[in-house]
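Q: I am a first-year student, and I would like a close look at how helices pack against each other in this protein. Could you take me through that part slowly, and then through whatever lies around it?

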Amino acid sequence: MSLNKPKIVVLGAGYAGLTTTKRLLQKLSPEQAEIVLVNKHNYHYESTWLHEVAAGTINPNQARVMISDVINPNKVRLVYDAVTKINKDEQRVVLENSEIEYDYLVVALGFESNDFGIKGMAEHAFAIEDIDSSRLISEHIEYQFAKYNSQENVDDDSLNILVGGAGFTGIEFVGELADRIPELCKKYDIDRNKVSIINVEAAPSILPMFDKELVAYAKQSLEDRGVEIRIGAPISECTPEGFIVGDDKELIKAGTVVWTGGVKGSSVLGASGFELTKGKVNVDSDLRMQGEENIFVIGDCSWVWNKKADRPYPPTGQLAMQEADVVAANLSALLTNQPLTDFVFNDKGTVASLGMSDGIGNVFDDYKLQGKAAAAMKKVVDNRSLFLMGGTKLVLKKGKFRPF
Ligand code: NAD
């Protein structure tokens with residue numbers, strides 16, 4: 001511990017890290033602790049909006065927020081640098097350009113795409129991971145359309161968009177594409193029938209977190225808008241031309257190939273030698289890393305057990321923000337020798353968008369929503385997230401108000 005006051009270092013300014021920092025500022029006086037927030041970029045981004053950035057249905061700048069606009073740099077030391085390793089024996093974090101010591105650490109470094117070692121996936125497929133990787137996808141799709149009519153040898157496959165994995169990310173992404181592609185066809189004088197949007201899923205169904213009725217609605221809505229959904233079709237390889245799928249090794253060709261087949265916690269966890277379960281750190285009920293007194297791990301980096309359902313909680317922004325509340329309370333408790341609180345998730349429901357004006361959701365203790373009502377609810381959820389980060393001012397600046 002430093003001579004004057006304990007140093008709390010928060011790694012990552014996603015939903016988990018940014019909310020922790022905000023709550024710490026509310027709970028602790030400047031005399032009680034020094035707070036440091038480390039983030040790779042000088043901005044936070046709404047990771048649940050990335051599928052829209054990737055499809056090109058929103059501007060990337062709408063999905064990002066300057067950290068110094070929502071965290072007072074006079075009260076928190078902001079360090080913009082990438083974490084490469086955590087050395088917990090020395091209570092030190094190694095960054096690309098410097099090192100930083102801590103007394104208490106909050107690891108909230110978010111997710112990375114997980115390709116499960118599928119051959120060629122890392123080399124040939126795009127992934128929706130952050131602002132830059134998502135923007136690259138929308139730019140690539142637009143480039144395929146822009147060059148189509150000026151090609152000497154027309155390659156119809158170049159317009160196809162292939163998406164691997166029909167979980168939350170895959171389905172929300174193809175939903176946006178169903179809105180975006182007609183706009184691109186109009187802009188570049190291309191017949192909509194020349195473009196295929198194909199979502200390939202290994203499991204016998206899409207969106208396993210929703211009940212059958214909502215899943216059937218989502219599937220029908222997407223198919224009606226020209227998305228081809230292929231279930232029971234495991235991808236075994238990705239080549240420069242597309243995916244190799246199923247037992248008969250069918251090659252599905254496309255000019256744009258995106259992998260949305262799963263995520264894992266930040267690779268910093270493994271590089272730091274932490275014990276991992278499915279790429280994440282096991283935490284105790286007070287959200288501290290097992291066996292550690294001064295390290296909390298939250299958001300997509302942590303494996304938090306849901307005792308009631310006997311499985312881990314699925315990672316969501318909602319979960320990350322609630323974890324952040326408990327971590328800030330527990331850090332304050334540690335500094336004042338009070339007992340720590342256990343994390344209990346208060347599930348307010350889940351809504352998946354299927355483009356700008358459609359969606360499905362389970363909210364308020366299993367009340368089901370579909371269509372425009374779900375899409376409207378999704379916008380409420382997204383605007384609420386902005387409100388929690390930066391109040392009304394941020395909602396007015398970045399919020400989603402476009403009519404259907
Ligand atoms: P996921 O793991 O939820 O879904 C991946 C899908 O890819 C699965 O359906 C899986 O069967 C399929 N898949 C895996 N390997 C395959 C293969 N070889 N061939 C074909 N299909 C394959 O991943 P995700 O959608 O990125 O979501 C990750 C987590 O983040 C989930 O827990 C999700 O609920 C959460 N999430 C939440 C939100 C939100 O709340 N707004 C948004 C996105 C993601």
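A: What follows looks at two helix pairs, then at the cysteines and at two loop residues.

The model is predicted, and the values below are computed from it. As background, a UniProt record, an unreviewed entry, places the feature "domain: FAD/NAD(P)-binding" at residues 7-323. Over that stretch the chain is 28% helix and 27% strand, with its end C-alpha atoms 20 Å apart.

Two packed helices are described by the distance between their axes and the angle between them. For helix α5 (residues 131-148) and helix α6 (residues 168-187), the axes come within 11 Å and cross at roughly 35°, and the crossing in which α5 passes α6 is right-handed. On the α5 side the contact is made by Ile-137, Ile-141, Glu-142 and Phe-145, while α6 contributes Phe-173, Leu-177, Arg-180, Ile-181, Leu-184, Cys-185 and Lys-187. Sorted by character, the residues of this contact comprise 8 nonpolar and 3 charged, with no polar ones.

The second pair joins helix α1 (residues 15-27) to helix α9 (residues 317-335), whose axes come within 8 Å and cross at roughly 35°; here too the crossing is described as right-handed. Among the residues that meet are Tyr-15, Ala-16 and Leu-24 in α1, and Gly-317, Met-321, Asp-325 and Leu-331 in α9. The contact of α1 with α9 divides into 10 nonpolar, 4 polar and 3 charged residues.

Cys-185, one of the α6 residues in the first contact, leads on to the cysteines. Cys-185 counts as buried because its relative accessible area is 5%, below the cut-off of 20%. Cys-238 is likewise buried, at 2% relative accessibility. With a disulfide taken as a pair of cysteine sulfur atoms within 2.5 Å, the count comes to 0 disulfides.

Finally, the loops hold two residues with an uncommon backbone angle. Most residues other than glycine have a negative phi. Lys-249, although not a glycine, has a positive phi of about 55°, and its place is in the loop between β16 (242-245) and β17 (250-253). Lys-278 also has a positive phi, of about 45°, without being a glycine, and this residue lies in the loop between β20 (276-277) and β21 (280-282). Are these two lysines buried or exposed? Lys-249 counts as exposed because its relative accessibility is 52%, which is over the cut-off of 50%, and Lys-278 is exposed as well, with a relative accessible area of 68%.

Definitions and conventions: Residues numbered from 1 in each chain as written. Predicted model: local features only at pLDDT ≥ 70, side-chain atom pairs only at ≥ 80, totals over all residues. Heavy atoms only, no water. UniProt positions renumbered as here; feature names shortened; annotations may be inferred. Helix = DSSP H or I, 4+ residues; strand = E, 2+ residues; numbered from the N terminus. Axes fitted to C-alpha atoms, helices over the stretch in contact; angles between N-to-C directions. Left-handed = near helix turned anticlockwise from the far one by under 90°. Contact = heavy atoms within 4.5 Å. Nonpolar A, V, L, I, M, F, W, Y, C, P; charged D, E, K, R; others polar. Buried < 20%, exposed > 50% of the residue type's maximum accessible area, 1.4 Å probe, protein only.
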